[in-house]
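Reader: Thanks for sharing this one! Could you pick a single part of the model and walk me through it slowly, residue by residue where that helps?

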Amino acid sequence: MAEMSLVCLAQIHTHPKQIATHSSYDDSHAISGRNGFLSLVVTHYGGVANFDLNQMSVHEAWDHEWVVLEDKAKIERIRIVYDFDARVSDLDE
Ligand SMILES: [Zn+2]
């Protein structure tokens, strides 16, 4: 990503059932712990009928800790876009 001047802002993974907490393993194995990095955890292994922010918890790295974002903060920080082609080759144009 760095070679292409891209920055990873967030990661996403799933958990079973209603479990949306960031585990200690999640805390220590996130791909980044830089301040402001987001880690999204989706419940039911992502197999929900209406995928939206209510089915996920959002954790923000801050000063080597993970802080859970409240609903208002989730809405302000994240937009779910359902039909977007984000292939990197599009950036060369
Ligand atoms: Zn996890």
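**A close look at the sheet**

Author: Let's start with one pair of residues: Trp62 stands opposite Glu65 in E4. Helices (H or I, at least four residues) and strands (E, at least two) are DSSP runs, numbered from the N terminus. Two strands are said to pair if DSSP finds at least two bridges between them. Please keep in mind that this is a predicted model, in which local features need pLDDT of at least 70 and side-chain atom pairs count only at pLDDT 80 or more, while totals for chains, interfaces and linings use all residues. Residue numbers start from 1 along each chain, as its sequence is written.

The Trp62–Glu65 pair belongs to the pairing of E3 (residues 56-62) with E4 (residues 65-68), which is antiparallel and has four bridges. These two strands make a hairpin with two residues between them. One of the turn residues is Asp63, whose phi is positive, about 50 degrees, although Asp63 is not a glycine. Asp63 sits in the loop between E3 and E4. Is Asp63 buried or exposed? Asp63 counts as exposed because it has 7 C-beta neighbours inside 10 Å. The scale here calls a residue buried if 20 or more other C-beta atoms lie within 10 Å of its own, exposed if 12 or fewer, and partly exposed in between, with C-beta atoms placed from the backbone.

Now let's step from the hairpin to its neighbour. E3 also pairs with E2 (here E2 is residues 38-42), again in the antiparallel sense, over five bridges. Two partners let you find this pairing on screen: Val42 has Met56 of E3 as its bridge partner, and Val41 stands opposite Ser57 in E3.

The loop between E2 and E3 holds two residues worth a visit, Tyr45 and Gly47. Tyr45 has a phi near 50 degrees, a positive value in a residue other than glycine. With 11 other C-beta atoms within 10 Å, Tyr45 is exposed. Gly47 is exposed too, with 11 other C-beta atoms within 10 Å. Although Gly47 and Thr14 are 33 residues apart along the chain, their C-alpha atoms are separated by 9.2 Å.

That brings us to E1. E1 (residues 10-14) pairs with E2 in the parallel sense over five bridges. Val41 turns up here once more, since His13 stands opposite Val41 in E2. Between these two strands in the unit comes helix H1 (residues 24-29), and E1, H1 and E2 together make a right-handed β-α-β unit. Right-handed here means that, with the strands pointing away from the viewer, the path from the first strand over the helix to the second runs clockwise.

On the way from E1 to H1, the loop includes Lys17. Lys17 counts as exposed, because it has 8 C-beta neighbours inside 10 Å. Setting aside neighbours within four places in sequence, Lys17 is in contact with Thr43 and His44; a contact means that the C-beta atoms of two residues, placed from the backbone, lie within 7 Å. For Val67, the picture is this: the C-alpha atoms of Lys17 and Val67 are separated by 22 Å, and the two residues are 50 apart along the chain.

Put together, the four strands form an open sheet in the order E1-E2-E3-E4, with mixed pairing. E1 and E4 stand at the edges with a single partner strand each, so one side of each is left without a neighbour in the sheet. Neighbouring strands of this sheet are turned by 25 degrees against each other on average, direction ignored; axes are lines fitted to C-alpha atoms, for helices over the stretch in contact, and angles run from 0 to 180 degrees between N-to-C directions. As background, strands of a sheet pair through backbone hydrogen bonds, either parallel or antiparallel.

Finally, a little context. The chain has two helices and four strands, running β-α-β-β-β-α from the N terminus on. Of its 93 residues, 6% count as buried. Residues 24 or more positions apart account for 55% of the contacts with a separation of 6 or more. For pLDDT, the predictor's confidence in each residue from 0 to 100, the chain mean is 87, and 91% of its residues reach 70 or more.
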